[in-house]
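Dear colleague,

I am handing over the structure below, together with some notes for someone who has not yet looked at it. Please keep it open beside this email while you read.

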Amino acid sequence: MEDQRNSSTSGAPAASRPLRAPLGFYPCKVDSAGRLKLPAKYQEYLDKLPDKYLFVTESRGLARIYTNGSWERRLARIDDPQLRWRETFRAELVGCDVDVDPQGRITLPQQLRKEMGLEDKTVQLRFYEDVITIYPPEKFEQELRRVEGHRESDQERLAALGIDF
């Protein structure tokens, strides 16, 4: 008989299932030293990735943690070498590579924490397309209002595609 701990409800062995990032928002505290404790599900997922590098920076007004080579894939899409250089220069002004410590924490770069006002705050984390976005409370509320403002039109568009959420 198959060990149920290693199979999904579909009966596929755990090893054959595709690796999927955790879904949902996770509230987390950034302490006064800038340490962010990653949720256990994030830690488990990151441990399974072949590419362990994490790069933290600011993008479009939010702190982001690029995982699984997503930063390099983003840069590879920029054909213009001068534009790519400027983008990396800007990103590295406030960002850097980070490691997960044995307690499951990362330390956010000091300049990033200062500019984003992240110290001693509870933030929301969202893992999407190999990027963990860090939402401070005010940015989370702003994004929530923006998304909710499109609810009706989005539902109509999805229905036209035959998708019912």
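Asp130 and its surroundings

In this predicted model, Asp130 counts as buried because its relative accessible area is 14%, which falls under the 20% cut-off. Asp130 sits in the loop that lies between β7 (121–128) and β8 (131–135), and its side chain is joined to that of Asn68 by a polar contact of 3.4 Å. Leaving aside residues up to four places away in sequence, Asp130 touches Tyr45, Ile65, Tyr66, Thr67, Asn68, Ser70 and Arg73.

Ile65 leads on to the nonpolar interior, as it is listed with Leu36, Ile106, Leu125 and Ile134 among the residues that have the most contacts inside the largest nonpolar core, a set of 26 residues. At least two residues of this core come from each of β1 (25–30), α1 (40–48), β3 (54–59), β4 (62–66), α4 (110–116), β7 and β8. Apart from this core lies another, of seven residues, including Phe55, Tyr66, Ala91 and Val131.

The strand β3 is mostly covered, with five of its six residues buried. β3 runs antiparallel to β4, to which five bridges join it, and Glu58 stands opposite Ala63 in β4. These two strands, β3 and β4, form a hairpin with two residues between them, and Arg60 in the turn has a positive phi of about 50°. β3 is also joined by three bridges to β5 (residues 96–98), again in an antiparallel arrangement, with Leu54 standing opposite Val98 in β5.

With best wishes

Key. Residues numbered from 1 in each chain as written. Predicted model: local features only at pLDDT ≥ 70, side-chain atom pairs only at ≥ 80, totals over all residues. Heavy atoms only, no water. Helix = DSSP H or I, 4+ residues; strand = E, 2+ residues; numbered from the N terminus. Buried < 20%, exposed > 50% of the residue type's maximum accessible area, 1.4 Å probe, protein only. Polar contact = N/O pair within 3.5 Å; in protein donor to acceptor, adjacent residues only side chain to side chain. Contact = heavy atoms within 4.5 Å. Core = buried A, V, L, I, M, F, W, Y, C linked by side-chain atoms within 4.5 Å. Pairing = 2+ DSSP bridges.
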